[in-house]
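Subject: Handing over the model

Hello,

Here is the structure I promised to pass on to you. Please have it open while you read, as my notes follow below.

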Amino acid sequence: MKLITRIVRSLGVVFVAIALVAGTLLLTAAPAAAENYEVKMGSDAGLLIFDPASISVKPGDTITWVNNKMAPHNVIFDEKNSPVDKATAGKISHEKLTFAPGESYSTTFTDDMPTGEYSYYCAPHRGAGMVGKVVLEG
Ligand SMILES: [Cu+2]
């Protein structure tokens, strides 16, 4: 009887060990979580730029543009320099001007969107060179 109890107990330990190893493997095999990237509108030093000006993302990732300095700013995707038509460029753009520091808006790049370089600009400061780029990788 004691022997059986001992066997059952050690089997229990083995099952727990197997469950732990399997659980760890499952977690490791899970696809990478979607990332959220932040782009400052207006640099900390007060320059009329997007910081960083170029950013690479994967499908599912989100970019959040945060008003920083030298407002107002907005984010207009330029269909002439992007792999999408005007309608889609409009959908991922944020025309509304941000005035207050910390105001933000986000775009998620989905897996039904074509890969490539998406160019955008800030309408009030395009002439000053406030342009940015999103590289959507496959
Ligand atoms: Cu601007």
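Leaving aside its neighbours within four places in sequence, which residues is Met130 in contact with? Before I get to that, please keep in mind that this is a predicted model.

Now to Met130: its contacts beyond those sequence neighbours are Leu48, Ile49, Phe50, Tyr121, Cys122 and His125. Met130 itself sits in the loop between β8 (116–121) and β9 (131–136). Despite the loop setting, Met130 counts as buried, because it has 22 C-beta neighbours inside 10 Å and the cut-off for buried is 20 or more. From Met130 to Tyr120 the C-alpha to C-alpha distance is 8.9 Å, with their positions 10 residues apart in sequence.

Now the overall layout. The chain has two helices and nine strands, and along the sequence they come in the pattern α-β-β-β-β-β-α-β-β-β-β. Of its 138 residues, 22% count as buried. If you take the contacts between residues at least 6 apart in sequence, 68% of them join residues at least 24 apart.

The part I looked at most is an open sheet of four strands. Its order is β2-β1-β4-β7, and the pairing is mixed. The edge strands are β2 (50–51) and β7 (104–108), each of which pairs on one side only. Here is how the strands are joined, going through the sheet:

- β1 and β2 run antiparallel and are joined by two bridges.
- β1 (residues 36–41) and β4 (residues 62–67) pair in the parallel sense, over six bridges.
- β4 and β7 run antiparallel, with five bridges between them.

Several individual bridges are handy for finding your way around. Lys40 is a good place to begin: its bridge partner in β4 is Val66, while in β2 its partner is Asp51. Met41 stands opposite Asn67 in β4. On the side of β4 that faces β7 in the strand order, Trp65 has Tyr105 of β7 as its bridge partner.

Glu38 is also worth a look. This residue lies in strand β1, and its bridge partner in β4 is Thr64. Is Glu38 buried or exposed, or does it fall in between? It is partly exposed, because 15 other C-beta atoms lie within 10 Å of Glu38, and that count falls between the limits of 12 or fewer for exposed and 20 or more for buried. Leaving aside neighbours within four places in sequence, Glu38 is in contact with Thr64 and Val66. Glu38 and Val66 are 28 residues apart in sequence, yet their C-alpha atoms are 7.0 Å apart in space.

Those two contacts of Glu38, Thr64 and Val66, both belong to the uncovered face of β4, along with Thr62. The covered face of β4 is made up of Ile63, Trp65 and Asn67. So that you can place the bridges on these faces: Trp65, on the covered face, is the residue bridged to Tyr105, and Asn67, on the covered face as well, is the one opposite Met41.

Finally, some backbone details in the loops. Which peptide bonds are cis? One is the bond from Asp51 to Pro52, with omega near 0°. Pro52 is found in the loop between β2 and β3 (54–57), and Asp51 is the bridge partner of Lys40 mentioned above. Another is the bond from Ala71 to Pro72, with omega near 5°. Pro72 is in the loop between β4 and β5 (73–77).

The loop between β4 and β5 also holds Met70. Met70 has a positive phi of about 60°, although it is not a glycine. Met70 is partly exposed, because 18 other C-beta atoms lie within 10 Å, and buried would take 20 or more.

Happy viewing, and best wishes!

Conventions: Residues are numbered from 1 along each chain as its sequence is written. This is a predicted model: local features need pLDDT of at least 70, side-chain atom pairs count only at pLDDT 80 or more; totals for chains, interfaces and linings use all residues. Two residues are in contact if their C-beta atoms, placed from the backbone, lie within 7 Å. Two strands pair if DSSP finds at least two bridges between them.
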